[in-house]
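Trainee: I am new to this structure and would like a close look at one part of it. Please take the disulfides and the strands around them, and then place them in the whole.

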Amino acid sequence: MPVRERRGVSREELQQSALVAVAILLVLGVFAAWSVLIPGVSAWENIIVAVIGSLRLTGPVAAAFAAWVAVRRRRGTGGQSLTTWQAVRAPLAILVVVGGSFVATLLVLAVRTMLTEQAGRLLPSGLVMGMAGLALYVAIGWVTGWLLPWTITPMLAGLGCYGLFTWLIQGATWADRLAPATREPYDPFRGLSATALTDQTLWLLGLSAALLLGWAAMVTRQALVLAAALLAVLAAGTGVARLLGEPQTISAQKVVYSCQEWPIMVCVHPGMRPGLPELGSAFVKIASRLAGTPGEFSRLEQHPRSGGAVSLPAGAAPIHVDDLATGFADEAADEFVENLAQRCDGTPAGGYRDIVVAWLLGKPLPGGPLPEHQYAAAWFSGLTDAQRRDWLRLHYSEFAACRLQSSHFGGQPEETGQPVQPGHKRQVARTTPYPQIHPSQQAPAPAPAVTSVPPHVPMDAPAGNRGRAPGTGADKITSGSV
C-alpha cells in the first residue's frame, strides 16, 4: 500500500477535495457577500464590507474542511513523529485553498463595479483582515480535527465556529471587535477605519498563529516552536488591547456631495449618485406645496441617521437615504414629511394631521376615524393647491405641534365622536376665511390671499427663503462638502 494512502488521504483525493471546497466556498462567498452589499451604493468600502461579511458562511465551511483533512491526516500518521514543516504544511496548504476562494469572491464583486465610477477607496487593510479571519477559521478547524479524530468532528467544527462568531457579533459592543467581521451596520458617511482594521488583523493573525504553533509544539515537542507560539500570543494580546482601546464610534468622514440642480437641488453621498433623479422627482411636489410656509426648502442634503444635530445652510433640509433599493425615494419622502410634525396618534388631532400629511405626499386624503375627520377631509379636498398652501402657511405651527382642530377645517361641528342622529342637524360656526362646504359639494370659491406668516415656527422646521419657489435650472451634477 502506498505511503500516502496509509496516512489516510492520497494526493489525488486531497486535490479533488480542494477543488470541491473552492467551488463551494466561491458560491457561498458570492451569495453571502451579495446579501451584505448595500443596494445601489457605489463605494469601494461597500465591496470590502461585503467580502468580509461573506466569512459568516465561508468561514465555517473552511473550518469543517480543515477539520476533515486533519482527521484523515491524524489517522494516517500512526503516531509517528513529525518535523515542524511536516506539521504545518497541511494547514498552510488549506489556507492557500480557501484564500483563493476569498480572492475569487472579491474579483467577482470587483468586476461588477469596475465599469462604473466608485466612491471611496479600496483599503488593503480590509482585504488582509478578511484573509486573517479565514486563517483563524482554518486554525480552529485543524486543531479541532487533530485533537478529536472522529467522523463527526468536521460538522462539529463548522457549526461550532458559526455559533461562536455569531454570538460574538451579536453580543456586547467590545465582543464584536474580536470576531472576523466588520462593525455593522456599515455607514457610508463614516466609512471604514484603516487603523481598526489593522489592529483587528493583528489580533486575528496572532491568535491563528498561536493556535497552529501551539499545536505544532505539542506534536513536535520542540521548544523553539513553543517560543514562537508565545510570541504569537503576545502579538494577539497587543492587537486585542488596541482594539478595546479604540473609541466606540467612528467619527464621520468629510464627504464631497454629489448634487443635482433640477428640478430641485438634491445632494447625496457620492456613492449614491444614481439615485439623484428619482429623489428629485419624489420631492419636487413636496417642495412646491411647502413653498412660502415655514417648512419651505430649496435644497435637500443627505445626512446619516446617527449624525445628531447638523448645521445646514439657509433653505436646506436634511433627508435620510439608507440604500437605493426599490422604492427608496418614496420612503425618504414619507419620512421627511412625517418628521415635519410630531406624532399625535390616539388623539383627534392625529386625524387632522394625517389629512395634511397625505396632501403633502400626494396621496388620497384619509377619512379618519371620526365624522369630523371625514368632514375635514371633504372640506380640504375642495380647496385648490394654492388655497391649501395658503392654509398651511396660516396653520403651520398648529400642524407641526399637533394642535389642529375642527375649527381649522371650515368650522365643521365640534368633535363629539358621535354620528349625527336622524332628523337632527349640527350647528356649524365658520371660523376660517374659506367657505364652508358639505362633503358632497365641489370646490369652494377662491380663498383670499394670505400676506403674513404666523410668528410661531417650530424649532425643528427647516429654515428657507420665504416665498421663493424651489430652485430651477439645467439638469447637472455639482459637488459640495460637509
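Mentor: The link of Cys-259 and Cys-267 is right-handed, with 115° about the S-S bond. The model is a predicted one, and in it the sulfur atoms of Cys-259 and Cys-267 lie 2.1 Å apart. A disulfide is a covalent bond between the sulfur atoms of two cysteines. Both Cys-259 and Cys-267 are buried.

Now the strands that carry this pair. Strand E1 covers residues 256-260 and strand E2 covers residues 265-268. E1 and E2 run antiparallel and are joined by three bridges. With four residues between them, E1 and E2 form a hairpin. Cys-267 is also the bridge partner of Cys-259, so the two cysteines are paired by the disulfide as well as by a bridge between the strands.The side chains of E2 fall into two sets: Met-265 and Cys-267 point one way, Val-266 and Val-268 the other. These four residues of E2 are all buried.

E2 has a second neighbour, strand E3, which spans residues 299-302. Three bridges join E2 to E3, and these two strands run parallel. Val-266 of E2 stands opposite Leu-300 in E3. Between E2 and E3 in the unit comes helix H10, residues 276-290, and together E2, H10 and E3 make a left-handed β-α-β unit.

The structure holds two disulfides. The other one is formed by Cys-344 and Cys-402, with their sulfur atoms 1.8 Å apart. The link of Cys-344 and Cys-402 is right-handed, with 115° about the S-S bond. This pair links distant parts of the chain, 58 residues apart. Cys-344 sits in the loop between helix H11 (328-338) and H12, and Cys-402 in the loop between H14 and strand E5 (477-481). Cys-344 has 9% relative accessibility and therefore counts as buried. Cys-402 counts as buried because its relative accessibility is 13%. With the bonded cysteines numbered in sequence order, the pairing is 1-2, 3-4. Another cysteine, Cys-161, counts as buried because its relative accessibility is 2%.

Helices H12 and H14 also appear around helix H13, which spans residues 371-381. Eight of the 11 residues of H13 are buried, so the helix is largely enclosed by the rest of the structure. Among the buried residues of H13 are His-373, Tyr-375, Trp-379 and Phe-380. What covers the buried residues of H13 includes H12 (348-361) and H14 (385-400).

As for the whole, the protein has 14 helices and five strands. Of its 482 residues, 48% count as buried. Among contacts between residues at least 6 apart in sequence, 73% join residues at least 24 apart. The accessible surface comes to about 23,300 Å², and 61% of it belongs to carbon and sulfur atoms.

Last comes the confidence of the prediction. The average pLDDT of the protein is 82, and 80% of the residues score at least 70. Over residues 412-479 the pLDDT is below 50, and this stretch has 139 contacts in the model beyond near neighbours in sequence. Residues 1-7 also stay under a pLDDT of 50, with 13 contacts beyond four places in sequence. Where pLDDT is low, the predicted coordinates should not be read in detail.

Notes: Residues are numbered from 1 along each chain as its sequence is written. Side-chain values use heavy atoms; hydrogens and water are left out. Buried means under 20% relative accessible area, exposed over 50%, partly exposed in between (1.4 Å probe, protein chains only). Two strands pair if DSSP finds at least two bridges between them. A crossover is right-handed if, with the strands pointing away from the viewer, the path from the first strand over the helix to the second runs clockwise. Contact means heavy atoms within 4.5 Å. Accessible areas come from the Shrake-Rupley method with a 1.4 Å probe; for residues, only the protein chains shown count as cover. pLDDT is the predictor's confidence in each residue, from 0 to 100. A disulfide is a pair of cysteine sulfur atoms within 2.5 Å.
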